[in-house]
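Colleague: Hi, have you got a minute to go through this one with me? I'd like to start with the charged side chains.

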Amino acid sequence: IFLVLALLSDIAALFLHSKMFMECSLFILNLIIIFLFLIVFKYPDYYKAIHVVVKNETQKRSYLKGIDIDTLARDIKKVMEQDRIFTNEDLNLASMADCIGLTRHQLSEYMNSVIGENFTTFINRHRIEAAKKMLKQRPEENIISIAFEVGFKSKSTFNASFLKFEKIAPHSYRKKWLKSHQ
């Protein structure tokens, strides 16, 4: 009710160019904030209860209902390790979902809730692991060509991802590895 009153007051202020309606709207919003603070203060478990209800409702509407998670895990492992789908620079959530026989919503939920990573992080992690192997196996090869071969579209994205996962630049990683294996 208070939000509707604040909205109506904002609309009136907009059309009537009235400072009074704007101040009224701000006053109502402040009352809402105070009211919410008092609820949290008086009932500290209130938001925990809301969180539980939201979590239960989310689980009821899961896109993964009826899907065998173990089979899905094997399918994803196959397209990543055997098919090396991550090397496709145009790979996106929808195209990977198609390869596995899922909707993009199902794959996204699986990635986020089961694997614990979003799609981009998951793919880039696989790309970096492949790049690390190639940096070791092919020390004479240009780093940018390795980046492109594992699916990155640019050197800057590759470098940023490599730093994110390995905390070291690709050329430093290769140099360090070569030094330790001489």
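Modeller: Sure, and keep in mind that this is a predicted model. Let's start with Glu117, which is buried because its relative accessible area is 18%, under the 20% cut-off.

Colleague: Which side chain does Glu117 meet in a salt bridge?

Modeller: That would be Arg125, with 2.9 Å from N to O. Arg125 is partly exposed, at 28% relative accessibility.

Colleague: And what makes a pairing like that possible in general?

Modeller: Side chains of opposite charge can pair when their charged atoms come close.

Colleague: How many salt bridges does a search of the whole structure find?

Modeller: The search finds nine. One of them joins Arg138 and Glu141, whose closest N and O atoms are 2.7 Å apart.

Colleague: Are Arg138 and Glu141 buried or partly exposed?

Modeller: Arg138 is partly exposed, with a relative accessible area of 23%. Glu141 counts as buried, since its relative accessibility is 18%.

Colleague: What about Asp83, which side chain does it meet?

Modeller: Asp83 forms a salt bridge with Lys78, at 3.1 Å from N to O. Asp83 is partly exposed at 43%, and Lys78 is partly exposed too, at 39%.

Colleague: Which residues are linked in a network of salt bridges?

Modeller: Glu129, Lys132 and Glu166 are linked that way.

Colleague: OK, changing topic to the greasy side of things. Which residues make the nonpolar surface patch?

Modeller: The patch covers about 1300 Å², and its members include Ile1, Phe2, Leu8, Ile11, Phe15, Phe27 and Leu31.

Colleague: Which helices each supply at least two residues of the patch?

Modeller: Helix H1, residues 2–16, and helix H2, residues 19–42. H1 gives the largest share, with nine residues.

Colleague: Where does Ile11 sit, and is it buried or partly exposed?

Modeller: Ile11 is in helix H1. Its relative accessibility is 37%, so Ile11 counts as partly exposed.

Colleague: Now the two helices. How do people describe a packed pair?

Modeller: By the angle between their axes and the distance between the axes.

Colleague: And what are those values for H1 and H2?

Modeller: Their axes come within 8 Å and cross at roughly 160°. That angle makes H1 roughly antiparallel to H2, because anything over 145 degrees counts as roughly antiparallel.

Colleague: Is the crossing left-handed or right-handed?

Modeller: H1 passes H2 in a left-handed crossing.

Colleague: Great, thanks for the tour!

Technical notes:
Residues numbered from 1 in each chain as written. Predicted model: local features only at pLDDT ≥ 70, side-chain atom pairs only at ≥ 80, totals over all residues. Heavy atoms only, no water. Patch = residues over 30% accessible without salt bridge, like charges linked within 9 Å, V, L, I, M, F, W, Y side chains within 5 Å. Areas by Shrake-Rupley, 256 points an atom, 1.4 Å probe, with all protein chains shown as cover. Salt bridge = Lys/Arg side-chain N within 4 Å of Asp/Glu carboxyl O. Helix = DSSP H or I, 4+ residues; strand = E, 2+ residues; numbered from the N terminus. Buried < 20%, exposed > 50% of the residue type's maximum accessible area, 1.4 Å probe, protein only. Axes fitted to C-alpha atoms, helices over the stretch in contact; angles between N-to-C directions. Parallel < 35°, antiparallel > 145°, perpendicular 65-115°, else oblique. Left-handed = near helix turned anticlockwise from the far one by under 90°.
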